[in-house]
Amino acid sequence: MKKYQHDLIITANETLNNQYFLLKLTQSEPLPEMQPGQFVQLLIEDSAQTFLRRPISINFVDKAKNELWLLIQKVGNGTRKLAEYQVGRAINVLYPLGNSFSEPLPQQKILLVGGGVGTAPMLMLGASLKAKDIEPTFLLGARSAGDLLQLNEFEKYGRVLTTTEDGSQGEHGFVIQHSVLQNEQFDRICTCGPTPMMKAVAAYAAQRGIYCEVSLENTMACGIGACLCCVQDTVDGHRCVCTDGPVFDAKELKW
Ligand SMILES: Cc1cc2nc3c(=O)[nH]c(=O)nc-3n(C[C@H](O)[C@H](O)[C@H](O)COP(=O)(O)OP(=O)(O)OC[C@H]3O[C@@H](n4cnc5c(N)ncnc54)[C@H](O)[C@@H]3O)c2cc1C
Ligand code: FES
(Lines give C-alpha, C1' and ligand atoms only; values in the text may rest on other atoms or scores of the structure.)
(Ligands and ions follow the chains in the order given, each with its own letter.)
Protein backbone atom coordinates (compact mmCIF):
# COMPACT_ATOMS: atom_id res chain seq x y z
CA MET A 1 0.00 0.00 0.00
CA LYS A 2 1.41 3.39 -0.96
CA LYS A 3 2.59 5.62 1.89
CA TYR A 4 2.14 9.38 1.97
CA GLN A 5 3.75 12.23 3.86
CA HIS A 6 1.25 15.05 4.18
CA ASP A 7 0.96 18.22 6.21
CA LEU A 8 -2.51 17.70 7.67
CA ILE A 9 -4.36 20.56 9.31
CA ILE A 10 -5.97 20.24 12.75
CA THR A 11 -9.71 20.83 12.56
CA ALA A 12 -10.37 19.89 16.21
CA ASN A 13 -8.37 19.03 19.31
CA GLU A 14 -10.94 17.79 21.82
CA THR A 15 -10.02 17.16 25.44
CA LEU A 16 -11.84 13.96 26.50
CA ASN A 17 -10.52 13.84 30.07
CA ASN A 18 -7.31 14.80 31.86
CA GLN A 19 -5.37 12.04 30.05
CA TYR A 20 -6.95 11.65 26.63
CA PHE A 21 -7.64 13.91 23.67
CA LEU A 22 -8.99 13.45 20.15
CA LEU A 23 -7.18 15.07 17.24
CA LYS A 24 -9.06 15.54 13.98
CA LEU A 25 -6.99 16.26 10.88
CA THR A 26 -7.76 17.10 7.27
CA GLN A 27 -6.31 18.43 4.03
CA SER A 28 -7.76 19.98 0.88
CA GLU A 29 -7.11 16.82 -1.19
CA PRO A 30 -9.05 13.63 -0.37
CA LEU A 31 -7.28 11.60 2.33
CA PRO A 32 -5.75 8.32 1.09
CA GLU A 33 -7.45 4.98 1.69
CA MET A 34 -6.73 3.67 5.20
CA GLN A 35 -7.51 0.27 6.69
CA PRO A 36 -8.48 -0.61 10.28
CA GLY A 37 -5.39 -1.55 12.28
CA GLN A 38 -3.05 0.76 10.37
CA PHE A 39 -1.26 3.64 12.07
CA VAL A 40 0.35 6.99 11.35
CA GLN A 41 3.72 8.44 12.36
CA LEU A 42 3.44 12.03 13.58
CA LEU A 43 6.30 14.52 13.42
CA ILE A 44 6.32 16.63 16.58
CA GLU A 45 8.48 19.63 15.87
CA ASP A 46 10.41 22.09 18.06
CA SER A 47 12.00 19.67 20.51
CA ALA A 48 15.09 17.46 20.46
CA GLN A 49 13.24 15.05 22.78
CA THR A 50 10.64 14.41 20.11
CA PHE A 51 13.05 13.97 17.20
CA LEU A 52 11.56 10.56 16.37
CA ARG A 53 8.05 10.44 14.96
CA ARG A 54 5.38 9.05 17.31
CA PRO A 55 3.19 6.12 16.14
CA ILE A 56 -0.57 6.52 16.67
CA SER A 57 -3.36 4.18 15.52
CA ILE A 58 -5.95 5.33 13.06
CA ASN A 59 -9.00 5.79 15.26
CA PHE A 60 -11.52 6.65 12.56
CA VAL A 61 -11.78 8.16 9.09
CA ASP A 62 -14.79 10.42 8.56
CA LYS A 63 -15.03 10.22 4.78
CA ALA A 64 -17.88 12.76 4.57
CA LYS A 65 -15.73 15.39 6.31
CA ASN A 66 -12.41 14.13 4.88
CA GLU A 67 -11.14 13.84 8.48
CA LEU A 68 -8.68 11.49 10.14
CA TRP A 69 -9.21 10.96 13.88
CA LEU A 70 -6.48 10.08 16.36
CA LEU A 71 -7.25 9.19 19.97
CA ILE A 72 -4.20 10.04 22.06
CA GLN A 73 -3.16 9.46 25.66
CA LYS A 74 -0.75 11.94 27.22
CA VAL A 75 2.19 9.87 28.46
CA GLY A 76 5.34 11.90 27.68
CA ASN A 77 6.82 14.91 25.94
CA GLY A 78 5.49 14.17 22.46
CA THR A 79 1.90 13.41 23.32
CA ARG A 80 1.76 16.30 25.82
CA LYS A 81 2.95 18.68 23.09
CA LEU A 82 0.31 17.33 20.69
CA ALA A 83 -2.37 17.99 23.30
CA GLU A 84 -1.49 21.69 23.17
CA TYR A 85 -1.66 22.02 19.38
CA GLN A 86 -4.32 24.47 18.24
CA VAL A 87 -6.90 24.19 15.48
CA GLY A 88 -5.40 25.35 12.15
CA ARG A 89 -1.89 24.11 12.90
CA ALA A 90 -0.30 21.63 10.46
CA ILE A 91 1.20 18.28 11.51
CA ASN A 92 3.43 16.29 9.20
CA VAL A 93 1.95 12.78 8.98
CA LEU A 94 3.51 9.67 7.43
CA TYR A 95 0.71 7.23 6.64
CA PRO A 96 -0.96 4.79 6.33
CA LEU A 97 1.56 2.38 7.87
CA GLY A 98 1.50 -1.30 8.79
CA ASN A 99 -0.93 -4.06 7.94
CA SER A 100 -4.58 -4.25 8.96
CA PHE A 101 -7.07 -6.59 10.61
CA SER A 102 -8.05 -9.33 8.18
CA GLU A 103 -11.47 -9.69 6.60
CA PRO A 104 -13.88 -11.92 8.52
CA LEU A 105 -16.09 -14.49 6.83
CA PRO A 106 -19.70 -13.44 6.28
CA GLN A 107 -22.02 -14.27 9.22
CA GLN A 108 -19.16 -14.58 11.69
CA LYS A 109 -19.89 -13.45 15.25
CA ILE A 110 -17.12 -11.03 16.09
CA LEU A 111 -15.85 -9.69 19.40
CA LEU A 112 -13.62 -6.59 19.46
CA VAL A 113 -11.79 -6.19 22.77
CA GLY A 114 -10.08 -2.91 23.64
CA GLY A 115 -8.36 -1.80 26.81
CA GLY A 116 -7.23 1.74 27.63
CA VAL A 117 -5.91 3.57 24.57
CA GLY A 118 -6.08 0.21 22.77
CA THR A 119 -9.75 0.98 22.13
CA ALA A 120 -8.54 3.46 19.47
CA PRO A 121 -8.28 1.11 16.44
CA MET A 122 -11.45 -0.77 17.44
CA LEU A 123 -13.67 2.15 16.39
CA MET A 124 -12.37 2.16 12.81
CA LEU A 125 -12.54 -1.66 12.72
CA GLY A 126 -16.13 -1.67 14.01
CA ALA A 127 -17.18 0.95 11.47
CA SER A 128 -15.64 -1.03 8.60
CA LEU A 129 -17.40 -4.24 9.76
CA LYS A 130 -20.74 -2.45 10.03
CA ALA A 131 -20.24 -1.15 6.47
CA LYS A 132 -20.07 -4.84 5.45
CA ASP A 133 -23.28 -5.63 7.36
CA ILE A 134 -21.45 -7.33 10.23
CA GLU A 135 -22.37 -5.92 13.62
CA PRO A 136 -19.60 -6.65 16.12
CA THR A 137 -19.76 -6.77 19.89
CA PHE A 138 -17.35 -4.31 21.51
CA LEU A 139 -15.92 -5.21 24.90
CA LEU A 140 -14.15 -2.13 26.24
CA GLY A 141 -12.23 -1.91 29.49
CA ALA A 142 -10.87 1.00 31.50
CA ARG A 143 -9.85 1.90 35.03
CA SER A 144 -12.93 4.01 35.71
CA ALA A 145 -16.11 5.28 34.01
CA GLY A 146 -14.41 8.54 32.97
CA ASP A 147 -11.79 6.58 31.04
CA LEU A 148 -14.34 4.77 28.87
CA LEU A 149 -14.08 6.91 25.75
CA GLN A 150 -16.14 7.43 22.59
CA LEU A 151 -18.96 5.13 23.78
CA ASN A 152 -21.52 7.07 21.74
CA GLU A 153 -19.37 6.49 18.64
CA PHE A 154 -18.95 2.76 19.32
CA GLU A 155 -22.72 2.39 19.79
CA LYS A 156 -23.24 3.41 16.14
CA TYR A 157 -21.53 0.22 14.97
CA GLY A 158 -22.47 -2.56 17.37
CA ARG A 159 -23.35 -3.73 20.87
CA VAL A 160 -21.12 -2.13 23.53
CA LEU A 161 -20.16 -3.96 26.73
CA THR A 162 -17.84 -2.43 29.30
CA THR A 163 -15.79 -3.24 32.37
CA THR A 164 -14.14 -0.89 34.84
CA GLU A 165 -11.53 -1.81 37.42
CA ASP A 166 -13.33 0.26 40.09
CA GLY A 167 -16.82 -0.94 39.10
CA SER A 168 -18.02 2.60 38.29
CA GLN A 169 -19.49 1.50 34.92
CA GLY A 170 -20.25 -1.85 33.31
CA GLU A 171 -19.08 -5.04 34.97
CA HIS A 172 -16.54 -4.77 37.79
CA GLY A 173 -13.05 -6.05 36.90
CA PHE A 174 -11.00 -6.63 33.75
CA VAL A 175 -12.35 -7.29 30.26
CA ILE A 176 -11.28 -10.91 30.50
CA GLN A 177 -13.66 -11.34 33.47
CA HIS A 178 -16.74 -10.08 31.58
CA SER A 179 -19.66 -12.53 31.70
CA VAL A 180 -20.17 -12.41 27.92
CA LEU A 181 -17.01 -14.50 27.54
CA GLN A 182 -18.69 -17.34 29.46
CA ASN A 183 -22.22 -16.89 28.15
CA GLU A 184 -21.67 -16.50 24.42
CA GLN A 185 -19.53 -18.11 21.73
CA PHE A 186 -17.71 -15.94 19.18
CA ASP A 187 -16.11 -16.98 15.86
CA ARG A 188 -13.38 -14.34 15.82
CA ILE A 189 -11.78 -11.96 18.31
CA CYS A 190 -9.68 -8.86 17.58
CA THR A 191 -7.92 -7.10 20.44
CA CYS A 192 -5.69 -4.15 21.25
CA GLY A 193 -4.57 -2.88 24.63
CA PRO A 194 -2.06 -3.55 27.39
CA THR A 195 0.03 -6.68 26.73
CA PRO A 196 -1.25 -8.65 29.79
CA MET A 197 -4.81 -8.01 28.62
CA MET A 198 -4.08 -9.13 25.06
CA LYS A 199 -2.27 -12.24 26.31
CA ALA A 200 -5.27 -13.15 28.46
CA VAL A 201 -7.67 -12.60 25.56
CA ALA A 202 -5.44 -14.66 23.24
CA ALA A 203 -5.29 -17.48 25.82
CA TYR A 204 -9.08 -17.44 26.16
CA ALA A 205 -9.43 -17.61 22.36
CA ALA A 206 -6.89 -20.46 22.09
CA GLN A 207 -8.73 -22.49 24.77
CA ARG A 208 -11.97 -22.20 22.82
CA GLY A 209 -10.46 -22.60 19.35
CA ILE A 210 -11.43 -19.06 18.33
CA TYR A 211 -9.36 -17.23 15.70
CA CYS A 212 -7.78 -14.20 17.37
CA GLU A 213 -5.88 -11.19 16.00
CA VAL A 214 -3.92 -8.87 18.28
CA SER A 215 -2.60 -5.41 17.49
CA LEU A 216 0.80 -4.83 19.10
CA GLU A 217 2.13 -1.46 20.23
CA ASN A 218 5.86 -2.21 20.50
CA THR A 219 8.05 0.87 20.86
CA MET A 220 8.95 2.16 17.40
CA ALA A 221 11.42 4.55 15.83
CA CYS A 222 11.33 4.67 12.02
CA GLY A 223 7.93 3.01 11.53
CA ILE A 224 8.92 1.77 8.06
CA GLY A 225 11.03 -1.36 8.65
CA ALA A 226 14.47 0.27 8.60
CA CYS A 227 15.72 0.35 12.22
CA LEU A 228 14.55 -3.04 13.60
CA CYS A 229 13.74 -1.51 16.98
CA CYS A 230 10.18 -2.87 16.97
CA VAL A 231 10.96 -6.57 16.37
CA GLN A 232 8.68 -9.22 17.80
CA ASP A 233 9.57 -12.88 18.22
CA THR A 234 7.14 -15.11 16.33
CA VAL A 235 6.93 -18.71 15.17
CA ASP A 236 8.43 -17.43 11.88
CA GLY A 237 11.35 -15.71 13.63
CA HIS A 238 11.75 -12.01 14.34
CA ARG A 239 9.30 -9.78 12.55
CA CYS A 240 8.92 -6.00 12.44
CA VAL A 241 5.76 -4.83 14.12
CA CYS A 242 5.76 -1.66 11.97
CA THR A 243 5.71 -3.46 8.61
CA ASP A 244 4.69 -7.11 9.25
CA GLY A 245 2.24 -5.90 11.92
CA PRO A 246 0.97 -4.27 14.01
CA VAL A 247 -1.77 -6.90 13.59
CA PHE A 248 -0.75 -10.55 14.10
CA ASP A 249 -2.56 -13.85 14.36
CA ALA A 250 -2.20 -14.47 18.11
CA LYS A 251 -1.03 -18.06 17.43
CA GLU A 252 2.06 -16.70 15.62
CA LEU A 253 3.37 -14.75 18.60
CA LYS A 254 6.03 -15.99 20.99
CA TRP A 255 5.27 -13.74 23.95
C1 LIG B 1 1.44 0.83 16.32
C2 LIG B 1 1.23 1.74 17.51
C3 LIG B 1 0.02 2.37 17.66
C4 LIG B 1 -0.19 3.23 18.76
N5 LIG B 1 -1.40 3.85 18.86
C6 LIG B 1 -1.59 4.74 19.84
C7 LIG B 1 -2.82 5.46 19.91
O8 LIG B 1 -3.73 5.29 19.09
N9 LIG B 1 -2.94 6.38 20.89
C10 LIG B 1 -1.94 6.61 21.81
O11 LIG B 1 -2.11 7.47 22.67
N12 LIG B 1 -0.80 5.93 21.78
C13 LIG B 1 -0.59 5.01 20.82
N14 LIG B 1 0.61 4.34 20.76
C15 LIG B 1 1.62 4.61 21.79
C16 LIG B 1 2.32 5.94 21.46
O17 LIG B 1 3.09 5.79 20.29
C18 LIG B 1 3.25 6.36 22.61
O19 LIG B 1 2.48 6.57 23.77
C20 LIG B 1 3.97 7.64 22.24
O21 LIG B 1 4.90 7.40 21.22
C22 LIG B 1 4.67 8.21 23.45
O23 LIG B 1 5.32 9.39 23.03
P24 LIG B 1 5.68 10.51 24.09
O25 LIG B 1 6.69 11.40 23.44
O26 LIG B 1 4.48 11.17 24.63
O27 LIG B 1 6.29 9.71 25.27
P28 LIG B 1 7.83 9.39 25.53
O29 LIG B 1 8.42 10.58 26.21
O30 LIG B 1 8.46 8.88 24.29
O31 LIG B 1 7.67 8.21 26.52
C32 LIG B 1 6.93 8.39 27.74
C33 LIG B 1 6.59 7.07 28.32
O34 LIG B 1 5.74 6.34 27.43
C35 LIG B 1 6.28 5.07 27.15
N36 LIG B 1 6.06 4.70 25.77
C37 LIG B 1 6.66 5.21 24.68
N38 LIG B 1 6.23 4.57 23.58
C39 LIG B 1 5.37 3.62 23.99
C40 LIG B 1 4.62 2.62 23.33
N41 LIG B 1 4.70 2.42 22.02
N42 LIG B 1 3.83 1.84 24.08
C43 LIG B 1 3.75 2.01 25.39
N44 LIG B 1 4.44 2.92 26.08
C45 LIG B 1 5.25 3.72 25.39
C46 LIG B 1 7.77 5.23 27.39
O47 LIG B 1 8.36 3.99 27.77
C48 LIG B 1 7.81 6.18 28.56
O49 LIG B 1 7.61 5.53 29.78
C50 LIG B 1 0.85 3.46 19.70
C51 LIG B 1 2.07 2.82 19.55
C52 LIG B 1 2.28 1.96 18.46
C53 LIG B 1 3.58 1.29 18.30
S1 FES C 1 10.17 0.93 13.91
FE2 FES C 1 11.96 0.82 12.68
S3 FES C 1 11.82 -1.21 11.93
FE4 FES C 1 9.95 -0.97 12.98
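Reader: At about what angle does helix α5 run to β13?

Author: This is a predicted model: local features need pLDDT of at least 70, side-chain atom pairs count only at 80 or more, and totals for chains, interfaces and linings use all residues. Residues are numbered from 1 along each chain as its sequence is written, while chains are lettered from A and ligands numbered from 1 in the order written. Helices (H or I, at least four residues) and strands (E, at least two) are DSSP runs numbered from the N terminus, and angles (0 to 180 degrees) compare N-to-C directions of lines fitted to C-alpha atoms, for helices over the stretch in contact. Helix α5, residues 195-208, lies across β8, β12 and β13, and its angle to β13 is about 170°.

Reader: Which strands sit at the edges of the sheet that holds β8 and β12?

Author: That open sheet has 7 strands, ordered β11-β10-β9-β8-β12-β13-β16, with mixed pairing (two strands pair on at least two DSSP bridges). Pairing on one side only marks the edge strands, β11 (171-172) and β16 (247-249).

Reader: Which residue is the bridge partner of G114 in β9?

Author: Strands β8 (110-115) and β9 (137-142) run parallel, joined by 5 bridges. In β9, G114 is partnered by L140.

Reader: What angle does α2 make with β8?

Author: α2 packs on this sheet, touching β8, β9, β12 (188-192) and β13 (211-215); contact needs C-beta atoms, placed from the backbone, within 7 Å. Its direction relative to that of β8 is about 160°.

Reader: And across which strands of the other sheet does α2 lie?

Author: That other open sheet also lists 7 strands, in the order β4-β3-β7-β1-β2-β6-β5, with antiparallel pairing. Helix α2 (120-131) runs at about 50° to β5, and the strands it lies across are β4, β5 and β6.

Reader: Why is α2 largely enclosed, and how many of its residues are buried?

Author: Buried takes 20 or more other C-beta atoms (placed from the backbone) within 10 Å of a residue's own; exposed is 12 or fewer, partly exposed in between. The buried ones include P121, M122 and L125. α2 is largely enclosed by the rest of the structure because its buried count, out of 12 residues, is 10.

Reader: Which residue stands opposite Q41 in β4?

Author: β3 (39-43) runs antiparallel to β4, with 4 bridges joining them. Opposite Q41 in β4 you'll find P55.

Reader: What angle does α1 make with β6?

Author: Helix α1 (77-84) packs on that sheet and touches β2 (20-26), β3, β4 and β6 (67-73). Its direction against that of β6 comes to about 130°.

Technical notes
Contact = placed C-beta atoms within 7 Å.
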